[in-house]
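Welcome! Take a moment to look over the chain, then try the exercises at your own pace.

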Amino acid sequence: MKRKKILITGGAGFLGSHLCKRCLCAGHEVICLDDLSTGSTDFIKDMLSEERFTFLNQDISLPFDQDLDFDEIYNLACPASPKFYQKDPIKTIKTSVMGAFSVCELAKKTGAKVFQASTSEVYGDPKEHPQKESYFGNVNFFGRRSCYDEGKRIAETIFYEYQNIHGVEVNIARIFNTYGPNMHPSDGRVITNLIVQALKSEPLTIYGDGSQTRSFCFVTDLLDAAVSLMEHENFKGPVNLGNPSEITVLDLAEKIKSLTNTSSTITCLKLPEDDPKIRRPDIALAKEHLNFTPKVDLDEGLSKTISYLEKHLQKEL
């Protein structure tokens, strides 16, 4: 197999660190770019001494002046949890929008094939269920989630136009809830929140009455599909990537209680603004073109994530 030179933006984050290791193990040269605003060198420390691995501490929204050629670019740079992307909404917008321009210009210059990590958030609080790629969404462009939702929507447009006008080869994946080891314990996402609370024997906090649904895809399944999309010669997306198995947040909390054997109670808090009530991907296109079917069921994935977070919490003691 030809060795590729692969740039992974956001490479020190949750998805990025797993992808860096995967590409490195496949024999490729990996350039990991991350400003460490939400990522961590802890996730990539075992790769830093590798000859085929380079780490660049840089903000993707700023001009990229490295004189490098790339075969592939995976653009994963952007905080994905509401807690982190709402912390600095303007930076979130710049990361999505200016980062898209930076990546597109790099791809235009080097001829690199691009993977754009879009999101299920482009569908907003959906009125269609499950969500198909043809659905235009129901997004509040003045809400607290808008910096991320609209940033990702305009990023898709930027990549689309660079493909049409400049011939940049773009693959767009709309990623649904993904979880697994290397998630930040305090990222505010429902799985990490509930697991950490359970491990600390604290009340498990859910929002509203817990009847809202989510669909969770384990990180290895997600990356299988992402790499398949990049390797496909004809199909470029946009395509939904996720696990269509749906569960209510309340049932998720009960499952985590059982798996951690915690004595924690469940507490209901006020539902945040624009929090989606339903979320499940229609993955018919991914099945047809990428032969994608998630392999890791929720119990198995949660057990691996619980084990990771338990070890992380023990290090803090």
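Two exercises with worked solutions follow, both on a predicted model.

**Exercise 1.** Work out in which order the strands of the open sheet lie, and which strands form its edges.

*Solution.*
- Begin with the whole sheet: seven strands make it up, in the order E3-E2-E1-E4-E5-E6-E11, and their pairing is parallel.
- Next, look for strands that pair on one side only: these are the edge strands, E3 (53–57) and E11 (239–241).
- For the twist, neighbouring strands of this sheet are turned by 20° against each other on average, direction ignored.
- Now zoom in on one pair: E4 (residues 72–75) and E5 (residues 113–119) run parallel and are joined by four bridges. In E5, Val 114 is the bridge partner of Ile 73.
- Finally, add a helix: H4 (residues 146–166) packs on the sheet, where it touches E4, E5 and E6 (170–175). The direction of H4 makes about 155° with that of E5.

**Exercise 2.** Describe how helices H1 and H6 cross, and which residues make their contact.

*Solution.*
- Find the helices first: H1 covers residues 14–25 and H6 covers residues 219–231.
- Compare their axes, which come within 11 Å and cross at roughly 65°. This crossing of H1 and H6 is right-handed.
- List the contact residues: H1 offers Phe 14, Leu 15, His 18, Leu 19 and Arg 22. From H6 come Val 219, Thr 220, Leu 222, Leu 223, Asp 224 and Val 227.
- Sort them by class: the contact of H1 with H6 has seven nonpolar, two polar and two charged residues.

Conventions. Residues numbered from 1 in each chain as written. Predicted model: local features only at pLDDT ≥ 70, side-chain atom pairs only at ≥ 80, totals over all residues. Heavy atoms only, no water. Pairing = 2+ DSSP bridges. Helix = DSSP H or I, 4+ residues; strand = E, 2+ residues; numbered from the N terminus. Axes fitted to C-alpha atoms, helices over the stretch in contact; angles between N-to-C directions. Contact = heavy atoms within 4.5 Å. Left-handed = near helix turned anticlockwise from the far one by under 90°. Nonpolar A, V, L, I, M, F, W, Y, C, P; charged D, E, K, R; others polar.
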